[in-house]
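Hi,

Here is the structure I said I would pass on. Have a look at it first, and then read my notes underneath.

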Amino acid sequence: MEKGELTIERMSTWVPKANGPVIISGPCSAETEDQVMSTAQKLAATGKNHVLRAGIWKPRTRPGSFEGAGEPGLEWLINAGKETGLPVTTEVANAAHVEAALKAGVDILWIGARTSVNPFSVQEIADALKGTDIPVMVKNPINPDLELWIGALERLNKAGITKLAAIHRGFSSHEKSPFRNVPMWEVPIALKTRIPNIDVICDPSHIAGNRDLLPLISQKALDMDMNGLMIESHINPDAAWSDAKQQITPGTLAQLISELVVRKADIDDKEFKDLLAVLRDEIDQLDDNIMSQLSTRMQISRKIGEYKKDNNVTILQVSRWEDIISSRLKMAQAMGISDNFMKDFLKLIHKESIHVQEEVMNAKGEKSVK
Ligand code: PEP
Ligand code: MN
């Protein structure tokens, strides 16, 4: 296996009933036999859920919180799957969990964000899975480290697991944000670019951390061409023993799913394709122009660097930078370009200009400092 090349059986082969986005729902945690069974029955009755989830071993931030029902919970989950005909999935974080889940007959496993971050744990799970062909879904590590996410998928693949999918559940951040875990959509998109045949399921529940944002994130995920959604549901969300704020009833889930617009990644219509090709040509042209303008801009920065060096002047003049920001932001506003995008763009350009000028300053032997 070449580095980065994975042998993957698509989700459509192991969740065949989902003929569209795969919906995985069920409680954050299996709490009681009755809670698991009644949630499963209500979900199955909606006809919109393809896989039943429930956490059996719960990774909690602080000790003393409910840490999952453990092995008895596995039996509740298996029974609920049998009763409803839904395949069942749970989180495994070590070899003992894998062994218990395989023994109980769990259909699909997932590796949580606090586990995929640790190569030792992922390797332990991969070793415990050798010789099986159970499907495994890998959540993104809590930090936005694409290589770590890919590495976890590679470890499983090397152990012979080919029924693989990824779950995007957002990333922890210290910055103030409306999300429990910031989505950073560019990371799962980069994963799809690096491993084009992987299905990516979005987990809006853990991204949002609350019910209100679920529809918005779910729609965005479908618009980003994600292959399904994992959404936590509970018969009595407010009374849930974990993640109460983000869980919804099976009825609310069905409503949410039915309001989503599933757009196609592509269509066969010739007229549509012709117009799309024309617009893409225009974009290609514009990108060429932007790049050549950027190249010219960097050449001028280099000249400025040489000029500053000859005159023994610092690279950064704060007032000039402040002027650039305020004038460009005003212009961007008038042109309908968002403030945040323009700020990020200017910061990047500025960083590179400084870098170019530093190279000039540090170059030896060319011109002497006066
Ligand atoms: C979960 O799915 O309940 C869970 C613990 O998720 P994560 O690993 O994404 O935090
Ligand atoms: Mn949860």
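Below is what I found, starting with the metal and the ligand and then moving on to a few single residues.

Before anything else, keep in mind that this is a predicted model.

**The manganese site**

Which residues hold the manganese ion (ligand 2)? C28 does so through SG, H206 through NE2, E232 through OE and D243 through OD, with distances of 2.1 to 2.4 Å. If you want to search for the pattern along the chain, the spacing of the donors reads C-x177-H-x25-E-x10-D. H206 sits in helix α9 (residues 204-208) and E232 in strand β8 (residues 228-232), so this pair ties together parts that are 26 residues apart in sequence.

I also checked whether these two are open to the outside. H206 has a relative accessibility of 9%, and because the cut-off for buried is under 20%, H206 counts as buried. E232 is buried as well, with a relative accessible area of 0%.

**Ligand 1**

Three of the metal donors turn up again here: C28, H206 and E232 are among the residues around ligand 1. The rest of the list is R53, K58, E91, W110, G112, A113, R114, K139 and R169. Sorted by type, this shell has seven charged residues, three nonpolar ones and two polar ones.

Some distances to oxygen atoms of ligand 1 that you can check on screen:

- R169: an N or O atom of the side chain is 2.6 Å from an oxygen atom of the ligand.
- A113: here a backbone N or O atom is involved, at 2.9 Å.
- E232: a polar side-chain atom lies 3.2 Å from a ligand oxygen.

How much of ligand 1 does the protein cover? The figure is 97% of the 300 Å² of accessible area that the ligand has on its own.

**Q35 and S233**

Q35 belongs to helix α2 (residues 33-46) and counts as buried, at 4% relative accessibility. The Q35 side chain reaches the backbone oxygen of S29 at 3.0 Å, and a polar contact of 3.4 Å joins it to the side chain of H234. Leaving out residues up to four places away in sequence, Q35 touches P27, S29, A30, H234 and I235.

S233 is found in the loop between β8 and α11 (250-259). Buried or exposed? Buried: the relative accessible area of S233 is 0%. The side chain of S233 makes a polar contact of 2.9 Å with the side chain of S25. Beyond the neighbours within four places in sequence, the contacts of S233 include S25, G26, P27, T39 and L43, along with Q247, I248, T249 and P250. P27 is worth clicking on, since both Q35 and S233 touch P27.

**R302**

The last one is R302, in helix α12 (residues 270-310). At 35% relative accessibility, R302 counts as partly exposed. Setting aside neighbours within four places in sequence, R302 is in contact with V356, E359 and V360. R302 and H355 are 53 residues apart in sequence, and their C-alpha atoms are 9.4 Å apart in space.

That's the lot from me.

Cheers

Technical notes: Residues are numbered from 1 along each chain as its sequence is written. Chains are lettered from A and ligands numbered from 1 in the order in which they are written. This is a predicted model: local features need pLDDT of at least 70, side-chain atom pairs count only at pLDDT 80 or more; totals for chains, interfaces and linings use all residues. Side-chain values use heavy atoms; hydrogens and water are left out. Donors are N, O and S atoms within 2.8 Å of the metal (3.2 Å for Na, K and Ca); water is not among the atoms, so sites may look incomplete. Helices (H or I, at least four residues) and strands (E, at least two) are DSSP runs, numbered from the N terminus. Buried means under 20% relative accessible area, exposed over 50%, partly exposed in between (1.4 Å probe, protein chains only). A residue is near a molecule or strand if one of its heavy atoms lies within 4 Å of it. A polar contact is a pair of N or O atoms within 3.5 Å; within protein, one must be able to donate a hydrogen and the other to accept it, and residues adjacent in sequence count only if both atoms are side-chain atoms. Accessible areas come from the Shrake-Rupley method with a 1.4 Å probe; for residues, only the protein chains shown count as cover. Ala, Val, Leu, Ile, Met, Phe, Trp, Tyr, Cys and Pro count as nonpolar, Asp, Glu, Lys and Arg as charged, and the others, Gly among them, as polar. Contact means heavy atoms within 4.5 Å.
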